[in-house]
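Visitor: I should like to understand how the descriptive terms for this model are justified. Please set each value against its definition.

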Amino acid sequence: MVRPQLLFFSPRSDPAWPARLQAALPDMEVVTDPDSADAARVTAAVVWAPPHGALARFGHLRLIQVLGAGVDQLLHDASLPADVPVARLLDPALARLVGDYVLLHALALHRGLYRL
């Protein structure tokens with residue numbers, strides 16, 4: 001039986017991710033190169049900021065998992081399959097970091113830091 005593939009595309013992520021995913025999902029083959037993945041076998045994608053059009057050829061996708069809280073860049077890709085669910089990470093530590101980032105820039109704007 002031919003195993004389905006999970007496409008992991010996040011060049012800036014910890015390089016241990018694919019091996020960990022493979023260990024957690026032994027019934028799937030984890031691939032990291034979109035160009036060499038078998039489009040007929042890729043049923044899930046775990047991505048961070050893929051180039052527009054990178055997922056268009058995967059007609060059997062059933063899930064796209066984004067490795068972040070925001071999915072805006074992905075949703076602006078007109079070639080993204082419309083019927084595939086897109087999930088994002090929900091992580092309290094990440095939420096705190098994003099909140100700190102927003103607060104930092106709001107205070108910088110309020111205090112005129114950018115003029116200095």
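Guide: Two strands are said to pair if DSSP finds at least two bridges between them. Strand 4 and strand 5 are joined by 2 bridges in the parallel sense, so by the criterion of at least two bridges they count as paired. Helices (H or I, at least four residues) and strands (E, at least two) are DSSP runs, numbered from the N terminus.

Visitor: On what kind of model do these statements rest?

Guide: The model is predicted: local features need pLDDT of at least 70, side-chain atom pairs count only at pLDDT 80 or more, and totals for chains, interfaces and linings use all residues. Residues are numbered from 1 along each chain as its sequence is written, and side-chain values use heavy atoms, with hydrogens and water left out.

Visitor: How many helices and strands does the chain have, and what pattern do they follow?

Guide: There are 3 helices and 5 strands. Along the sequence they are arranged as β-α-β-β-β-α-β-α.

Visitor: What is the order of the strands in the sheet?

Guide: The 5 strands form an open sheet in the order 2-1-3-4-5, with parallel pairing. Strand 2 (29-31) and strand 5 (86-87) are the edge strands, since each pairs on one side only. In general, the strands of a sheet pair through backbone hydrogen bonds, either parallel or antiparallel.

Visitor: How do you know that strand 1 pairs with strand 2 and with strand 3?

Guide: The bridge counts show it. Strand 1 (residues 5-9) shares 5 bridges with strand 3 and 3 bridges with strand 2, parallel in that case as well. Phe 8 stands opposite Val 46 in strand 3, while Gln 5 stands opposite Glu 29 in strand 2.

Visitor: Which residues stand opposite each other on the way from strand 3 to strand 5?

Guide: Strand 3 and strand 4 (residues 63-66) run parallel and are joined by 4 bridges. Val 47 faces Val 66 across this pairing, and Val 46 has Gln 65 as its bridge partner in strand 4. Gln 65 in turn stands opposite Ala 87 in strand 5, and Ile 64 has Val 86 as its bridge partner there.

Visitor: Why is strand 3 called largely enclosed?

Guide: A residue is buried under 20% relative accessible area, exposed over 50%, and partly exposed in between (1.4 Å probe, protein chains only). In strand 3 (residues 42-47), 6 of the 6 residues are buried, so the strand is largely enclosed by the rest of the structure.

Visitor: What makes both faces of strand 1 count as covered?

Guide: In a regular strand the side chains alternate between the two faces of the sheet. On one side of strand 1, Gln 5, Leu 7 and Phe 9 are buried, and on the other Leu 6 and Phe 8 are buried. The strand is mostly covered, with 5 of its 5 residues buried.

Visitor: Why is Ala 44 buried or exposed?

Guide: Ala 44 belongs to strand 3. Its relative accessibility is 12%, so Ala 44 counts as buried. Contact means heavy atoms within 4.5 Å; leaving aside residues up to four places away in sequence, Ala 44 touches Gln 5, Leu 6, Leu 7, Met 28, Leu 61 and Leu 63.

Visitor: How are Ala 49 and Ala 54 classified?

Guide: Ala 49 lies in the loop between strand 3 and strand 4, as does Ala 54. Ala 49 has a relative accessible area of 35% and is therefore partly exposed. Ala 54, at 22% relative accessibility, counts as partly exposed too.

Visitor: What is notable about the phi of Ala 49?

Guide: Most residues other than glycine have a negative phi. Ala 49 has a positive phi of about 50° although it is not a glycine.

Visitor: How does the radius of gyration of the chain stand against the globule rule?

Guide: The radius is taken over C-alpha atoms, and the rule is 2.2 Å times the number of residues to the power 0.38. A compact globule of 116 residues would have a radius near 13 Å, but the chain has 17 Å. The C-alpha trace spans about 60 × 30 × 20 Å along its principal axes. Of the 116 residues, 32% are buried.
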